[in-house]
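Work through the exercises below with the sequence and the model open. Each task is followed by a solution in steps.

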Amino acid sequence: MAVNELVTKVRESALNSISEAFDHYRVPPALVEPLAAAMPTMERQLLVHTLYILGATHALQARPLIEPYLPHPDPEVREEARLAAAEITAVESEGLTRNS
């Protein structure tokens, strides 16, 4: 619902709230996977929030959603995609990956 909101600030606030939830809760990847469908049409800042959210899941299934943004033309999006992918890789290498 957040990505379908017409007002950009409302969409951004909703995604920011989801991002902050990871500071306090383990959010299951299935809860945020629907964001992937909207990613190709998101504004830069919303895309940055979404990439952060996907990386914060630490879920292997988030990796294919992040990888298309590694060569993105916007440097901030590329950097967030790199950080999100690195987050999954780091947790995976430690054997701490959450897949549910």
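**Exercise 1. Confidence**

Task: State how confident the predictor is in the protein chain, and find which helices have the lowest and the highest mean pLDDT.

Solution. The model is predicted. Its protein chain has an average pLDDT of 80, and 74% of the residues score at least 70. Among the elements, helix H1 (residues 8-21) has the lowest mean pLDDT, 72, while helix H5 (residues 63-66) has the highest, 94. Over residues 96-100 the pLDDT is below 50. Beyond near neighbours in sequence, the stretch 96-100 still has 18 contacts in the model. Where pLDDT is low, predicted coordinates should not be read in detail.

**Exercise 2. Overall make-up**

Task: Describe the secondary structure, burial and contact pattern of the protein chain.

Solution. Start with the elements: there are 6 helices and 0 strands, giving the order α-α-α-α-α-α from the N terminus. Next, burial: 37% of the 100 residues count as buried. The chain exposes about 5800 Å², of which carbon and sulfur atoms supply 58%. Last, contacts: of those with a separation of 6 or more, 68% are between residues 24 or more positions apart.

**Exercise 3. Helix H4 and the core**

Task: Check the length of H4 against its number of residues, decide whether H4 is enclosed or open, and identify what H4 gives to the largest nonpolar core.

Solution.

1. Length. H4 has 13 residues, which at 1.5 Å a residue should span 18 Å. The end C-alpha atoms of H4 are 18 Å apart, so the two values agree.
2. Burial. Of the 13 residues of H4, 10 are buried, so the helix is largely enclosed by the rest of the structure. The buried set runs over Leu 46, Leu 47, Val 48, His 49, Thr 50 and Leu 51, then Ile 53, Leu 54, Gly 55 and Ala 56.
3. Core. The largest nonpolar core holds 21 residues. Met 39, Leu 47, Leu 51, Ile 66 and Tyr 69 have the most contacts inside this core. Helix H3 (35-38), H4 and helix H6 (75-93) are the elements that give two or more residues to it. The largest share, 6 residues, comes from H4.
4. A core residue in detail. Leaving aside neighbours within four places in sequence, Tyr 69 is in contact with Met 39, Pro 40, Leu 47, Leu 51, Val 77, Arg 78 and Ala 81.

**Exercise 4. Leu 54**

Task: Locate Leu 54, decide whether Leu 54 is buried or exposed, and list its contacts outside the local sequence.

Solution. Leu 54 lies in helix H4 (residues 44-56). Its relative accessible area is 1%, which is under the 20% cut-off, so Leu 54 is buried. Not counting residues up to four places away in sequence, Leu 54 touches Val 32, Met 39, Ala 62, Leu 65, Ile 66 and Ile 88. Leu 54 and Glu 33 are 21 residues apart in sequence, and their C-alpha atoms are 7.8 Å apart.

**Exercise 5. The residue with a positive phi after H4**

Task: What is notable about the backbone of His 58, and where does His 58 lie?

Solution. Most residues other than glycine have a negative phi. His 58 is not a glycine, yet has a positive phi of about 60 degrees. His 58 follows H4 and lies in the loop between H4 and H5. With a relative accessible area of 13%, His 58 is buried.

**Exercise 6. Salt bridges**

Task: How many salt bridges does the structure hold, and which residues are linked in a network?

Solution.

1. Count. The structure holds 3 salt bridges.
2. Arg 44 with Asp 74. The closest N and O atoms are 3.8 Å apart, which is within the 4 Å cut-off. Arg 44 is in helix H4 and Asp 74 in the loop between H5 and H6, 30 residues apart.
3. Arg 44 with Glu 76. The N to O distance is 2.3 Å. Glu 76 lies in helix H6 and Arg 44 in helix H4, so this pair ties together parts that are 32 residues apart in sequence.
4. Arg 82 with Glu 79. The closest N and O atoms are 2.6 Å apart. Both residues lie in helix H6, 3 residues apart, about one turn of the helix.
5. Network. Arg 44, Asp 74 and Glu 76 are linked in a network of salt bridges.
6. Exposure. Arg 44 is partly exposed at 37% relative accessibility, and Glu 76 is partly exposed at 35%. Arg 82 at 43% and Glu 79 at 35% are also partly exposed.

Technical notes:
Residues numbered from 1 in each chain as written. Predicted model: local features only at pLDDT ≥ 70, side-chain atom pairs only at ≥ 80, totals over all residues. Heavy atoms only, no water. Helix = DSSP H or I, 4+ residues; strand = E, 2+ residues; numbered from the N terminus. Buried < 20%, exposed > 50% of the residue type's maximum accessible area, 1.4 Å probe, protein only. Contact = heavy atoms within 4.5 Å. Core = buried A, V, L, I, M, F, W, Y, C linked by side-chain atoms within 4.5 Å. pLDDT = per-residue confidence, 0-100. Areas by Shrake-Rupley, 256 points an atom, 1.4 Å probe, with all protein chains shown as cover. Expected span 1.5 Å × (residues − 1). Salt bridge = Lys/Arg side-chain N within 4 Å of Asp/Glu carboxyl O.
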